[in-house]
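These are my notes from going through the model, one entry per thing I looked up. I started with a single helix and worked outward.

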Amino acid sequence: MNCDKYKNGNIAMSLLLKYGAWIGAAIIAFGLPAIVRSSYGLSLLSQVGIAIIFALSYNMLLGQGGMLSFGHAVFYGLGGFLTIHVINIINGGSLPIPLELVPLAGGFGALLFGIVFGWISTKRAGTTFALISLGIGELIASSALMLPSFFGGEEGISGDRMLETTLTWFEFAQQIDVYYLIAFWMLVSMVFMYLLTQTPLGRLANAVRDNPVRTPFIGYDVHRVRTIQYALSSLFAGVAGGLFAINYEILTAETIGAIESGNVLMMTYIGGVGHFFGPILGAVLVTFMQISLSNITHAWLLYFGLLFMGMVLWAPNGLAGIIMVHEPVWKAKLMKKLLPGYALAAIPALVLFLGVMILIEINYHLSLSINPDAPMHMFGIEFDARAPVAWGISIVLIVVGFVFLRRTVKTLNRSWQEITQIMKKGAD
Amino acid sequence: MTFRKLCFILAGIAILSFAAGPATAADTIKLAYIDPLSGGFANVGDAGQKHFQYMADIINGRGGVLGKKIEIVPFDNKISAKESLIQLKNAIDQGIVFITQGNGSSVAGALIEAINKHNKRNPENPVLYFNYAAVTPAFTEEKCSFWHFRFDAHVDMKIAAITDYIKGRSDIKKIYLINQDYVFGHAVRDAAISMLKEKRPDIEIVGNTLHPLIKVKDFSPYIAKIQASGADAVITGNWGADQSLLVKSGKDSGLDVEWYTFYGGGLGSPAAIGAAGEGRLKQVTEWHNALSTEENQPADEKFYLGYQEKYSDGGRAPYYYGRIRTMMEMFVLALEKAGKAEPTAVAFALEDMQYDTPYGTVTMRGFDHQLIQPLYISTMTKVGTQGVKYDVENTGLGWKTDGRVEAEDTAMPSPCVMKRPKK
Amino acid sequence: MLEYIIFSLLNSLLYGMLLFMLSSGLTLIFSMMGVLNFAHASFFMLGAYFAFQISVYIGFWPALILAPLIVGFLGALVERYGLRTVHKYGHVAELLFTVGLAYLIEESVNLIWGRSSVDYRVPDALDFAAFTLFTTDLSAYRVFMLVISVSMFVVLFLILTRTRIGLIIQAALTHPDGVSALGHNVPGVFMLVFGGGCSLAALAGVIGGNYLVTEPAMAAQLGPIVFVVVVVGGMGSLTGAFVASLLLGTLQTFAVGIEYSLSDLLAFFGVTMEAGGILKDIWRIQVSHTGPILPYLFMVLMLIFRPKGIMGKRES
Amino acid sequence: MADIALKLKDVHKSFGNSKIINGLDLDIFRGERHAIIGPNGAGKSTVFNLVSGFYEVSSGDIELNGKAIANLEPYLINRQGLCRSFQVTNIFPKMSVFENVRCALFRPMGYRHSFWHLCGRQKKLNEKTEEVLEKIHMSDRRDIPAGLLAYAEQRALEIGITIAGEANVILLDEPTAGMSHSETDRAVELIRRVTEDKTLVVVEHDMSVVFNLADRISVLVYGEIIATDTPDNIRNNKEVQEAYLGQEVA
C-alpha cells in the first residue's frame, strides 16, 4: 500500500490501477443485492457491512496504533444508543434530520466520548492500556443496567427508522433500503479510514506503535498522537453503532458489552492487523461463521475457537498475511513451484479436518443434542452415533490425515525455502 | 495478470458460491423456535427445544393438525437481541409464520417490536409470536400487541400468587426483598411491596436490597444483612447463579428463612442448590412434577414419564414448562378453529379461547393476550416423604404443593389498548 | 450490629482468601512471562470439574490433591506446546492464544459434562456448622477453606523464599532478563511457573467449586476480577496480591451494607435534587449496588495514577 | 566569546543514593563539533538523557539557544531545536525507510497532527524527504521496511532521522558502535557531511573517530568534566591521560 510512486504514462490506466480496488468494492457492495435476494441474506450482508466498519475502526487502534483494546464496543454501543435517541427525538417532531445522516450523530457522539476516554487511557500503551480499556469497558457495561433512562435497562431502547425526512427516495421499510444505506456508509468510512492511514497522523500512529521512545525526538507527544488516533477510531465505531441502530431499530446492553468487544478483536485479528484490508476479510468471515454456521451445527463455537487458536498459532498475520506472502511469489512468477505442494497438502488437510469434524459432531450429538438415540445425518449418510464404525472411521481419518499432513508440510516448507532463495538471488 | 486481479477473481467466485437461496417450505406447519442453543444459556434453550419437540411428537402421533405435521425449527439466537432479529428474518425467509421464544425479556421485547414493524410494513405476510417465558408485564400491558401471545404468568401475577399464599400464613411477620438490579428485579420488588401492603399490612418489610446482575460471587454479605434483619421469609426474582449462590450461602450461615422464588425449579437450579433448598426453597409455577400424583392425574403422570424417558438426559433435565403443553394444545385448537395456518386467523381464534388442562381451565384473555391460569406454590422436599414421588435433576429432592391460587385470583387489570387488523 | 460487623469481617477475609488463591498463580505468570492469561479462570473451572469427577469415583480428599496436579500438568503442556510457540509473535499473540484457550476449555466442558451445573457437593465430613456466633452459623467448610488458603499462602511463601527454585523465580519476577543471563533454564522455569500457577487456580476451583456452583459459565462469570487483583497488588508481588485480595474482599463486602446514594449525600448537605432522566438514575444508585463494579473503578484509577500497583516493583 | 548553543550549569543527577552526575558545567558553541568521551560508567549517556529530557534533572540548569529546557517533556525540547540519536538503534522498524525519514519531517514542516493532508500529495515534503535520503545515500533503499536493513544502514538511517528535522543541535550517541572499520569510515564521512552548519555533540568510544571528527573534546569522569579542549590539547593533557586515555592513544 504505497501511495508515493509517481507514475507517468497513461493517466486513465494509472487511475484505474490506483482506484481499481475501490471501484471493485463499490461494485460488489451495490451489486450483491442482485444476487442475494432473501431478506435473511440481506440482513446478513447488512451485519457484515456494519462489522466491516467496526473492525476497520478497531484496526486503527490495534494495527495502526499498536493499542490493544478490550473495550472498543463502548463506542460502538454509545454511538448506537445516541443514534436511537436521536431517531426518537426526530420522530418526536422538532428535529428535521434526514435518516441518511443520522449515523453521523452516533459517530460524533462517540467521538466526544473517545476524546475523554482516549485521553484517560492512552498515557501508557501495552498491557496497561489493555487493562484500562478492559476496566472502562466493564464500568460502562455495568452502568448500562444501572442507568435505565439512557440505556433502557434490559429491554433496551427501540425506535422506528421510517422518518419523515429522507434525502433519497428510499423509505427504509424494507431491508434492501437499509442495506444500501449501510453499503454507502461502509464505503465512505472505508475510504476515509484508508485515507487517514495516508495522512501525517496515520503515519505518526505507526511511528508511535513501532517506537514510542523515539517519537518524542521527532517532535511529537506520544500521548497526544494516541489520543487523536483513539478518538478518530471511536468516531468510526460510533458510525458503525449508528448503522446498527438503524438496521435493528433496537439497542440493548449487549451491544456495549465485553462480548462485542471480544468479537471485534477476533475479527480484526483473524483478518490480519498488518494490512488495511485484513479486518474486512475478518469481519466477513467471522460474521458469517457466527450467524450461518450456528444454523448448521451447534458445535460452531468449538470450530470458531479452533480456527482462532489455529490462526494465533500458525498465521499470526491473519488471512491478509497469508494472502500477502504470496504477492512477491506471484510477481516473481514462481507460483507454479508452490502449487503442487499446496495441492498435495490440501488432501491430508481435508482428511484430517473431516476426521476432526466427524468426531466433534458425534460427540455433540451424543452429549448435547435433543435426542442422542436418534440416528445422525452427515453428508446425506444416516448412521448411529454410538456405533464403533463411525468412531473408527473418524479416528483413522485423523491419524492418516495428521501423518501425511506432517510429511506434505515438510515438502511445502522446502519449496518455500527454495523460492525465498531464488527471490533473494533475483533481488541481488 | 496482477496479483490484485487474481485476488479479485477469487473473491468473486466466493461471493457467487454464497448466493444460494433458502430451501423451500415443505408441507408442514412450522414453528420457529428462537432461543439460545449455543453459549452460556444453551442449557435452557436446549431444554425448551426438547419440550417443544416432545409436544410435536405427541401431536404428530395423533395425526397432526389440519392434515399436516407440526415441525419445530430451531434457530440459535445466542440470547442476543441482535441475532434474534437476524434469525427472525431467516425464519420469515423460510416461510415460517409462527414464532416462539421465551428466554430473556431483552430478546422478547426486541422480537415484539420487530414483529410489529414487520407486520405493519408487510401486511400481506404477517407473523405471529408465542411467548412462553418472558415475564415483563408491559408486554401485555402498555406494549401489548395483537401479534404477541403470552402463555406464562407475568411478574405481577406471580407476585400476586405468592402474596395470596402468604396472606394465609400468619406465622410470617417479617419479609426481606432481594433482587437483581435491573428492570425485572425492580418489577418484582415494586410488585411485592405494593401487594404485601394491600394483602397483609401487618407484615414488616425489613429489607429491600438490589444487587448487581450475575456479578456477585459471594453472597455472604447479603446473607449477613438478611440475618441481621430477622426476616422470616425472603422474596426474590433471582435466577441462575444469582439464585443458587444466594440460597446456598444462606444455608452455610444457618439462615432460617423461607425462600419465595420465581425460578427455584428453573433448569439447573435444583442441582446447583441441592440440599440447601430442602424445606426452604419455594417456587411459583403453573405445574410441577408432583401434581399428577397429588391430584391423581395418571394421564399427566404418563405424559411426564414419557418425557423423562425420551428427552430428560437421564433425568438431568426434567420436564419443567407445563405451559408449553398448554400452549401447543391451544395452538392446535386455534389452527383447527381457524381452518388454515394463517397468522391473523390463528390470532383471532386464540383470543378468549378456553382450554381445560388436567389442573383447571385456562383462558387466553382476548383484550391483552395474556393467559390466565392457576398457579401453585410448592416447596422443595425430599423424595419419599409427604407424598413426593419423583425427584428433579437427580437430586433426591422433588416438589410438594403448599397451595394453589385460582386463575381468576392471578388475573391483573391491564391498560392494554390494542390495534387489531381487519378480520 | 456487632454481629453484622464481625461476620462482614469474616466474610471479607474468606472472600479475599479465595480471590488470593485464584490470583496468586496469575500474579506469578503475569509478572514473570508478561502473559495476561485470560484462561486462568478456565483452569479454576477445570479444577472444580476434575474434583467433581474424582470425588464421584474415589472421594473428595484424593481430589483435593489429584485435581490440582492434573490441571498443573495440563497447564505445563499448554505452556510447552502452545504459549512457547506464539511467544515469538509477541504479547498480543500470547494473550489472544489464552483467549482462544478459554473458549475451547468452556466448549470442551460443555461437551463432556453437559451444559447445566453438576452436583458437586461439600463432603459430608465437613457439612456441619463449626460454631454459632450470636445467631449466625459458620459452616465447617468455610473454616476448612480458610485453613487451606492460609496454608497455601504459607507454603507458597516458604517455597519462594527458602528454596533454590523459589529464589530463581523471585529473581525472574523482578529482572526477567537477568535470569537467563545467569544461565538458568528459563523456558523450564516458565513451564514450571505456568503449570504451578494453573494448579493453584485449580486448587481454588476444588475448594470453591462446591461452595459456589460448578457450571460451564463459572469461568466467564468470574471475569476479569483476577486481573484487578494482579494490577492493584502490583507486578511481581505476591504480598501485593495478598493485600489486594483482602482489600477487594473488604471493599465488596462492606459496600453491600451501605445503602446511601448520592442524593442522600446531597440531602445531608441540605440539597435536594429534582432531576429527571439519567441524572435521576445516577442519584438513586446506592453504594450497595456498586459493590461488584467498584473493583474495576479501582483498577482503572490505579492504572492511571499508580500503575505500579500497591506493592509492585516495576511497571508492566 | 562565541555564541553558545547548549549550556549546562551545575547539573546534578542521582538515582536513589548513587550520584551519577556531579555538578556538570559545559558550554557547546554554535556550529562546533563537540565530542564527550570518558570511561565506561562516567555518565555520558546520562548527560544525553538529561539534555534531551529523558531523565529529570536533580538540580541545575540546561539552556538551549538561551532558553531553559531542563525538565521539559522530550517532545517540547525537540521542538526547541534539539534532536538526538540513541546508543541502541532506534528507528521505526515496520515502516519503510522513506516513511521513517518523512515522519521526522512532519513537525518541522508544520504538519502537526494533521489528518487532512495526504502525504502523497505534499510535494515539498516528499522532495525534502528525497533530499535527506540522498544525503544519507539511501535513495535506492527507500521502500524497504527499516527493520530489514543491515545494521550499518539502520545506523545511517537513524542519523538521517536525527538530522532531517533541521534541529540545530544534534546529539549522537555512539553513532559508530558495532561497525567494522570501513563502515566506521563511511559513517564518519556521513556525519561530517550532514552536520555542516549544525552544532553536533557526540558521545563516542572509538578514539580515532573522536579525534577525526571533533573540534573540541570534553572528558567526563565520574560525573564531572575534567577537561574541555581541542583534540591536540586533550591528547597531551596529563590529567586526561592518567584518568582515562592512557595507552589507548599512545
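**Entry 1: helix α3 of chain B.** I checked the length of α3(B) in this predicted model. At 1.5 Å a residue, its 13 residues should span 18 Å, and the end C-alpha atoms are 18 Å apart, so the two figures agree. I then asked how many of the 13 residues of α3(B) are buried. The count is 12 of the 13, so the helix is largely enclosed by the rest of the structure. Among the buried residues I noted the charged ones K82(B), E83(B) and K89(B). The buried list also includes L85(B), I86(B), L88(B) and I92(B). Just after α3(B), I found G95(B) with a positive phi of about 80°.

**Entry 2: chain B against chain A.** I looked up which pair of chains has the most contacts. Four pairs of chains touch, and chains A and B have the most contacts among them. Chain B puts 45 residues into this contact and chain A puts in 42. On the chain B side, the elements giving two or more residues are α1 (3-18), α2 (42-61), β2 (69-76), α3 (81-93), α4 (105-121), α6 (183-199) and α11 (298-311). Which of them gives the largest share? It is α3(B), the helix of my first entry, with nine residues. By class, I have 21 nonpolar, 11 polar and 13 charged residues on the side of chain B that touches chain A.

**Entry 3: domains of chain B.** The domain assignment splits chain B into domain 1 (27-153 + 294-373) and domain 2 (156-285). I note that domain 1 is written as two segments. The C-alpha centres of the two domains of chain B lie 29 Å apart. Where they meet, 10 residues of domain 1 are in contact with 10 residues of domain 2. On the domain 1 side, α2(B) provides the largest share, three residues. That side has six nonpolar and four polar residues, and no charged ones.

**Entry 4: helix α2 of chain B.** Since α2(B) had turned up both at the chain A contact and between the domains, I checked its length as well. Its 20 residues should span 28 Å at 1.5 Å a residue, and the end C-alpha atoms are 28 Å apart, which agrees. Just after α2(B), G63(B) takes a positive phi of about 105°.

**Entry 5: the sheet in chain B.** I wrote down the strand order as β7-β6-β8-β9-β10-β14-β15, an open sheet of seven strands with mixed pairing. Which strands stand at the edges? They are β7 (204-211) and β15 (397-405); each has a single partner strand, so one side of each is left without a neighbour in the sheet. The twist averages 25° from one strand to the next. I then followed the edge strand β15(B) to its pairing with β14 (residues 375-382), which is antiparallel over eight bridges. In that pairing L375(B) stands opposite V405(B).

**Entry 6: chain D against chain A.** The contact between chains D and A takes 34 residues from chain D and 27 from chain A. From chain D, α2 (74-79), β6 (82-84) and α3 (97-106) each supply at least two residues. The largest share on this side is six residues, from α3(D). By class, the chain D side divides into 17 nonpolar, nine polar and eight charged residues.

**Entry 7: N78 of chain D.** I picked N78(D), which sits in helix α2 of chain D. Is N78(D) buried or exposed? The cut-off for buried is 20 or more neighbours, and N78(D) has 26 C-beta neighbours inside 10 Å, so it counts as buried. Leaving out residues up to four places away in sequence, N78(D) touches P216(A), F217(A), I218(A) and G219(A), along with C83(D). I also noted G53(D), 25 residues from N78(D) in sequence and 9.0 Å from it in space, C-alpha to C-alpha.

**Entry 8: chain A domains, and chains that do not touch.** Chain A is assigned domain 1 (11-295) and domain 2 (326-427). Their centres, taken over C-alpha atoms, are 35 Å apart. Last, I looked up two pairs of chains without contact. Chains B and D do not touch, and their nearest C-alpha atoms are 19 Å apart. Chains C and D do not touch either, with nearest C-alpha atoms 14 Å apart.

Conventions. Residues numbered from 1 in each chain as written. Chains lettered and ligands numbered in written order. Predicted model: local features only at pLDDT ≥ 70, side-chain atom pairs only at ≥ 80, totals over all residues. Contact = placed C-beta atoms within 7 Å. Helix = DSSP H or I, 4+ residues; strand = E, 2+ residues; numbered from the N terminus. Domains from an automatic or database assignment. Expected span 1.5 Å × (residues − 1). Pairing = 2+ DSSP bridges. Axes fitted to C-alpha atoms, helices over the stretch in contact; angles between N-to-C directions.
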